[in-house]
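Here is a friendly walk through one protein chain, from its strands to its helices. Have a look at the fold first, and then read on.

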Amino acid sequence: CVIGDRVEVENGYVVGIGERMNTLSRAVAHKRQVLAAHVDRVVLVIAHGKGLREGFLMRGLVACRLQQLPPLVVVNKLDLDEDGETAKHLKTWKKLGIACLGTSTVTGEGIDALTRALSKGSSAMLGHSGVGKSSLINVLRPGTERKTGGLDWQGKGRHVTTMAEAVVQ
């Protein structure tokens, strides 16, 4: 059973899993690990600066294409983009036809656009530690109060979240 599965419950126990419309999976040790089911889009979160990992982004885009899942690239922490370098990356990716937007949970930049993009269906949010996934969820779902870790001495986010979780809109 994975996040997004439609399950049959009896007396508080899962006794059946319904057919999956689609899945998001990854390869682990020559096997396929299913991460989520019934996904309408995959949100690939990266962050300005040292968190702007294009390798993760490219692997994520390829995985989405192979699994026929629409990607949305979210570049978080735009408030730290003092030289405009990250904004240039966003423009380039948009020219290539990649759905992407920039956000900042500090200034609120891009949050309305992200809210609209995620308003229908279900999304799987993926990204390296410290890119601001929990901060984004806290802003998108007031009251969620996921623990966040701030920035370390290098300006990188801290690894705080240790589990996968479904957040209901």
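Two strands count as paired if DSSP finds at least two bridges between them. The helices (H or I, at least four residues) and strands (E, at least two) named below are DSSP runs, numbered from the N terminus. This is a predicted model, in which local features need pLDDT of at least 70 and side-chain atom pairs count only at pLDDT 80 or more, while totals for chains, interfaces and linings use all residues. Residues are numbered from 1 along each chain as its sequence is written, and side-chain values use heavy atoms, with hydrogens and water left out.

**The hairpin**

Let's begin with strand 3 (residues 23-28) and strand 4 (residues 31-37), which pair in the antiparallel sense over six bridges. Across this pairing, A27 stands opposite R32 in strand 4. The two strands form a hairpin with two residues between them, and A29 in the turn has a positive phi of about 50°.

**The open sheet**

Further along, four strands make an open sheet in the order 7-6-5-8, with parallel pairing. Its edges are strand 7 (100-102) and strand 8 (123-126), each of which pairs on one side only. From one strand to the next, the twist averages 20°. Strand 6 (residues 71-76) is joined to strand 7 by three bridges, and V73 has C100 in strand 7 as its bridge partner.

**Helices across the sheet**

Two helices lie across strands of this sheet. Contact here means heavy atoms within 4.5 Å; axes are lines fitted to C-alpha atoms, for helices over the stretch in contact, and angles run from 0 to 180 degrees between N-to-C directions.

| Helix | Lies across | Angle |
|---|---|---|
| Helix 1 (residues 54-66) | strand 5 (41-47), strand 6, strand 8 | about 175° to strand 5 |
| Helix 2 (residues 85-95) | strand 5, strand 6, strand 7 | about 160° to strand 7 |

**A closer look at helix 1**

Helix 1 has 13 residues and reaches 18 Å from its first C-alpha to its last, close to the 18 Å expected (1.5 Å times one less than its number of residues). Which of its residues are buried? They are F56, L57, G60, L61 and C64, where buried means under 20% relative accessible area and exposed over 50% (1.4 Å probe, protein chains only). Seen down the axis, these buried residues fall within an arc of 130°, so they line one face of the helix; the arc is that of the directions from the helix axis to the C-beta atoms. They pack against strand 5, strand 6, helix 2 and strand 8. The face turned away from the buried side carries the exposed residues R59, R65 and L66. Just after helix 1, Q68 takes a positive phi of about 55°.
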